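Got a minute to poke around a model together? Here is the structure, and then we can talk it through.

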Amino acid sequence: MTRETWATRIGFILAAVGSAVGLGNIWRFPWVAAENGGSAFLAVYLGIVLLVGVPGLLGEFVIGRRANRSPAGALRSLSGSNVWGAWGLFYVVTAIALISFYSVVGGWILRYFVESSLALAGTGPTYFANPGQYFGGVSAGLDAVGFHVLFLALTAIIVLAGVRRGIELGTKVMMPAVLVLLVGLAVWAGTQSGAADAYAFYLRFDAATVRENFFGVLGPAAGQALFTLSLGAGTMVTYASYVDEDRSLAFDGTTIALLNTAVGVLAGLVVFPLLFSLGISPGETGTGAGALFVGLAGAFSQLPGGVLIATAFFAVVTLAALSSSISMLEIPVAFLVDEYGVERRTAVAGVGSVVAVTGSVCALDPAIFGFVAGTLVDILLTAGLTGFLVFVGWVMGRDALDEFRSGAGGVATALSTPWLFAVGALLPVFLVFTLLTTFGMDARLGFWPTVATAAALAVVIFAGVRGEPEAA
Ligand code: PFF
């Protein structure tokens, strides 16, 4: 059976943007930004997206397009080593962990969308009356399980239809809709009374705040940068594996990162004015899932035309979440199809059933949900991206350069050698460093000892990888 490919270049770009743009931009970004000082976070985050995100994204693209296989098969076939093949299974596990919690949040969003649209004809939706209590009631338990399964089923239907007729077609419809609706909402939010304060909080670049908070903000900003660009799970390897023409990966990757960042910033321009207009200070409302739902639902309930705005908002978020969850489900599905010749239908049914169960566990137990959505995902993505980049730098080496250059223009070609150095050496040290800070090492030992440990660990990893037998 021949392997599917994207029908068009824009199809690939939109699918990758669709994966990147999701709950990470609309739900996670404004809140992590708020908790970390607004504009200071934004500045550090943008720096990391540019210096770590874009080169990292290109690393995943290079692996995928070179191998035309999903992560596990790609690492094994390019290296000729079963050890790398086994490491590839890590990405299947990561994808399952991701979608398990993601489809629970997707389920909440879907529920709010359904509630809001049903209320369009009549009075306000039920969650208007007491947003906090309502969210508490539906966010965990059987209700949450039901909507998680529904959201997962929608995801599965798109993935089932395949690369062209499912993922490509779906994202071609969904992404423009997301953009148009979001711009509309941002313009409307700008007319609200709190808009000026919100913009000041969010956009006023204050060098002193950045300097004072730099190291505190680094960890969360790095985690958010990986999550939002869908890096470290193998989604971008998988999507690039369906690219069959030699065109500039550097151009495509930069476009994808720019569009994704624009949507993140845009989401902030919707969320912050709404909260400020109600006098809700984003830094105080607490972290995580509930904050967006409770804060925004409260805002919608008090604004004229709130039901309509709420319906549009939750529609955007549902579409954005779906175009990301399909990219997560595609990883284990492509693994079964590529490596074991399983039919797509069977693979989707099999993986879908597993995630229905693992996601239900997250939906039933908020403690497990919190752990998976937070620390576990941060660790898996950071370790995962480190693995890919070490592979590009130390196993592919020259082949990676060739692949990077094929189809690339003059600027990208000139940057290819510094790129390889960055992904092979600098970025792994940085990623190991952020991993150590996730475990709190910097707080215990101090900054420089942590940097030294990260560098030493990275060197050990490089030496270990060099010792592996070369491709046959
Ligand atoms: N980038 C997605 C978002 O911002 O919502 C989340 C995501 C998708 C993370 C796919 C990882 C991934 F592989």
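What follows is a set of questions and answers on the ligand site, two loop residues and a few helix residues.

Q: Before we start, what kind of model is this, and which pLDDT do side-chain atom pairs need?
A: Residues are numbered from 1 along each chain as its sequence is written, and side-chain values use heavy atoms, with hydrogens and water left out. This is a predicted model in which totals for chains, interfaces and linings use all residues, local features need pLDDT of at least 70, and side-chain atom pairs count only at pLDDT 80 or more.

Q: How many residues surround the ligand?
A: Let's count a residue as near the ligand if one of its heavy atoms lies within 4 Å of it. The closest are Ala20, Gly24, Tyr102, Phe227 and Thr235, and the full count is 16 residues.

Q: How many residues of that shell are charged?
A: For the classes, Ala, Val, Leu, Ile, Met, Phe, Trp, Tyr, Cys and Pro count as nonpolar, Asp, Glu, Lys and Arg as charged, and the others, Gly among them, as polar. The shell around the ligand has nine polar and seven nonpolar residues, and as for charged ones, there are none.

Q: Which helices each supply at least two residues of the shell?
A: Helices here are DSSP runs (H or I, at least four residues), numbered from the N terminus. The ones that each give the shell at least two residues are α1 (9-20), α2 (23-35), α5 (82-119), α10 (207-228) and α14 (306-340).

Q: Which residue has a polar backbone atom 2.8 Å from an oxygen atom of the ligand?
A: Take the other backbone partners beforehand: a ligand nitrogen atom is 3.1 Å from a polar backbone atom of Ser19, and a ligand oxygen atom is 3.0 Å from one of Leu23. At 2.8 Å from an oxygen atom of the ligand, the polar backbone atom belongs to Gly24.

Q: What share of the ligand's exposed area does the protein bury?
A: Areas come from the Shrake-Rupley method with a 1.4 Å probe. Taken alone, the ligand exposes 340 Å², and the share of that buried by the protein is 100%.

Q: Is Arg28 buried or exposed?
A: Arg28 is found in helix α2, and its side chain makes a polar contact (a pair of N or O atoms within 3.5 Å, one able to donate a hydrogen and the other to accept it; neighbours in sequence count only if both atoms are side-chain atoms). The partner is the side chain of Gln224, at 2.8 Å. Buried means under 20% relative accessible area, exposed over 50%, partly exposed in between (1.4 Å probe, protein chains only). Arg28 has 17% relative accessibility, so the verdict is buried.

Q: What is phi of Asn68 near?
A: Asn68 is found in the loop between α3 (39-67) and α4 (71-79), and is partly exposed at a relative accessible area of 34%. Most residues other than glycine have a negative phi. Asn68 has a positive one, near 50°.

Q: And Ser230, which has a positive phi too: what is its relative accessible area?
A: Ser230 sits in the loop between α10 and α11 (235-240), with phi near 55°. Ser230 counts as buried because its relative accessible area is 11%.

Q: How far apart are the C-alpha atoms of Val145 and Ala363?
A: Val145 lies in helix α7 (residues 142-160) and is buried, with a relative accessible area of 14%. Val145 and Ala363 are 218 residues apart along the chain, yet their C-alpha atoms are separated by 5.5 Å.

Q: What separates the C-alpha atoms of Arg66 and Phe276?
A: Arg66 lies in helix α3 and, at 32% relative accessibility, counts as partly exposed. Along the chain Arg66 and Phe276 are 210 residues apart, and their C-alpha separation is 48 Å.

Q: Which helix holds Phe293?
A: Phe293 counts as buried, at 1% relative accessibility. The C-alpha atoms of Phe293 and Asn260 are separated by 22 Å, with their positions 33 residues apart along the chain. The helix, covering residues 288-302, is α13.
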